[in-house]
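I am keeping these notes as I go through the structure one topic at a time. Each entry records what I looked up and what I found.

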Amino acid sequence: MSGGHGDAGTSGKMAKLKLFLHKSENRICADCSAPDPKWASANIGVFICVKCSGVHRSLGTHISKVLSVTLDKWTDNEVDSMIEIGGNFHANAIYEAFLPEGCRKPRPDCTQEEREKFIRSKYELQEFLEPSLRIVSNQSSDPGKHAGSASHSDGSMSEVGMIEYIGILNVKVIGGTNLAIRDMSSSDPYVVLTLGSQKAQTSVINGNLNPVWNEELKFSVPQQYGPLKLQVFDHDMVSKDDLMGEAEIDLQTMINAAAAFGDPELLEDMQIGRWLKSADNALARDSAVVVAGGKVKQGVSLKLQHTESGELELEMEWMPLDM
C-alpha cells in the first residue's frame, strides 16, 4: 500500500514541475532561447535545452545540477526550489542583471564555442550578476565522492571550452552477478564509469556479491570519444579499495546506428543495430541497439575482466544533441 502512495506522490510532484515548465517564460531555453526545453538546472532554477545542458553539466554539480524533466527522478526539495526561484524570467533577472550593452546571448543555432563562453561567463564567473552578489567558487567536483554525477577533472577544465558535445549518454547500472570476494566472505561493491575526463560512480552496497543498484549516471559525449570504461571496486574503510573487475564498452554501435536512422520519436519500436560478442570485447552475450518508446536504448551484459568471476548488467540510452 505504501508503494502506491509513493507513486502517487511522485506523479503529483512531476505533474507540478511539468505544469511549471509550460508557463510561457519557461517554454524557451534560459540561455539560448531554443524552444521546448526538456532539461533544467535544479539548483540555479532554469529550464534549458539539451545543447545547453551539456555545457551546464561540464561546470560540475557544485555550480549546476542538471536534471531531465522527463527522464530523471526529482526530490520534493528540487521541485520546490525550481518553483520558488520563479522560473527563467526571474532567474535571468538575477544572472543577467548586468549584461553588458552589445553583449548578445547565444542563439539556438550558435557555435559550441559561443554557447560555452556565454554559459561559463553567466554562471561560473558570474560576470553579469550584480557585483555585490558575486561569489565565484574555485571548487571542483570530486567524481569519487559524488555518486551519480559526472564531472571534469581539474586538468581538463582549461580545455573544456574547446570541446564540442554531440549527445548525452544515460547509463543505468542495473546490477551484478557472482562478483568476486575481496573481504573474508563477501565484498562491498560499487561501480565507477569513466568517459574521457568525466567520472561517475554508484553507491556502495555492503556485503553483497549479487548487488542491485538500478542507478542512473549521465555523461556529456564529446565529438571525439573513446570507450566507456567500467570498474567495480570493493569499498574498504581502512585501506585502498580493491579492484573487483573491469570492462570497456564500445559506444560506436549505438551512436552510429542512431545517426543512421534519424529521430527515434518518428520510428516504431525496432532493432537498429547490434554489438556482437567476440574474443576482443567483454560482452557476455550479443547486445542489441533498439528504438523503444521513441528512445534509443542498448542493454549490455558484461563479463568482468582481470578478475576471477562476475558479470554486470547495464542499460544505456542515447540522446543526440542535433535532434
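**Entry: strand 14 and its neighbours.** In this predicted model, I looked up how strand 13 and strand 14 (residues 311-320) lie beside each other, and I found that they pair in the antiparallel sense over 8 bridges. I then picked out single positions: the bridge partner of Ser-301 in strand 14 is Glu-313, and the bridge partner of Gly-299 in strand 14 is Glu-315. Strand 14 also pairs with strand 5, again in the antiparallel sense, this time over 10 bridges, and there I noted that Lys-172 stands opposite Glu-315. Glu-315 therefore appears in my notes twice, facing Gly-299 and facing Lys-172, with the strand pairing defined through bridges of this kind. I also checked how much of strand 14 is covered, and wrote down that 7 of its 10 residues are buried.

**Entry: the hairpin of strands 12 and 13.** Next I followed strand 13 to its other partner, strand 12 (residues 287-292), with which strand 13 (residues 295-303) pairs in the antiparallel sense over 4 bridges. One of the positions I looked up here is Val-289, whose bridge partner in strand 13 is Gln-298. The two strands form a hairpin with 2 residues between them, and Gly-293 in the turn has a positive phi of about 65 degrees.

**Entry: what lies beside the turn.** Is Gly-294, in the loop between strand 12 and strand 13, buried or exposed? I found that Gly-294 is buried, with a relative accessible area of 15%, which is under the 20% used as the limit for that word. Leaving aside residues up to four places away in sequence, Gly-294 touches Pro-264, Glu-265 and Asp-269. For Pro-264 I noted the spacing as well: the C-alpha atoms of Gly-294 and Pro-264 are separated by 4.9 Å, although the two residues are 30 residues apart along the chain. Glu-265 sits in the loop between helix 6 (252-261) and strand 11 (270-275), and this residue is exposed, with a relative accessible area of 64%. From C-alpha to C-alpha, Glu-265 and Ala-292 are 9.1 Å apart, with 27 residues of sequence separation.

**Entry: helix 5.** I wanted to check the length of helix 5 (residues 112-124), and at 1.5 Å a residue its 13 residues should span 18 Å, while its end C-alpha atoms are 17 Å apart, which agrees. I then looked at its surroundings and found that 10 of the 13 residues are buried, so helix 5 is largely enclosed by the rest of the structure. Among the buried residues are Phe-118, Ile-119 and Tyr-123, but also Arg-115, Glu-116 and Lys-122. The buried residues of helix 5 pack against strand 2 (46-48), helix 2 (50-59), helix 4 (88-95) and strand 5 (165-177). After the helix comes Gln-126, whose phi is positive, near 55 degrees.

**Entry: nonpolar cores.** Which residues touch the most other members of the largest nonpolar core? Of its 38 residues, they are Leu-169 and Leu-228. I listed some contacts of Leu-228, leaving out residues up to four places away in sequence, and they include Leu-169, Val-171, Leu-193, Phe-219, Ile-249 and Met-316. There is a second, separate core of 27 residues, which includes Cys-29, Ile-63, Tyr-95 and Phe-128.

**Entry: aromatic pairs.** I counted the aromatic pairs and found 4 in the structure. In one of them, the rings of Tyr-190 and Phe-233 have their centres 5.7 Å apart and their planes at 25 degrees, so the pair is stacked. This pair links distant parts of the chain, with Tyr-190 in strand 6 (residues 189-195) and Phe-233 in strand 9 (residues 228-234), 43 residues apart. Tyr-190 is buried at a relative accessible area of 9%, and Phe-233 is buried at 16%.

**Entry: cysteines.** How many disulfides does a search of the whole structure find? It finds 0. I looked for the reason in the spacings: the sulfur of Cys-49 is 3.6 Å from the closest cysteine sulfur, in Cys-32, which is too far for a bond. The sulfur of Cys-52 has its closest cysteine sulfur in Cys-49, at 3.7 Å, and that too is too far for a bond, because a disulfide needs the two sulfur atoms within 2.5 Å. Cys-49 is buried, with a relative accessible area of 8%, and Cys-52 counts as buried at 0%.

Methods
Residues are numbered from 1 along each chain as its sequence is written. This is a predicted model: local features need pLDDT of at least 70, side-chain atom pairs count only at pLDDT 80 or more; totals for chains, interfaces and linings use all residues. Side-chain values use heavy atoms; hydrogens and water are left out. Buried means under 20% relative accessible area, exposed over 50%, partly exposed in between (1.4 Å probe, protein chains only). Rings of Phe, Tyr and Trp (its six-membered ring) pair if their centres lie within 6.5 Å; planes under 30 degrees apart count as stacked, over 60 as edge-to-face and the rest as tilted. A nonpolar core is a set of buried Ala, Val, Leu, Ile, Met, Phe, Trp, Tyr and Cys residues joined through side-chain atoms within 4.5 Å. Contact means heavy atoms within 4.5 Å. The expected span of a helix is 1.5 Å times one less than its number of residues.
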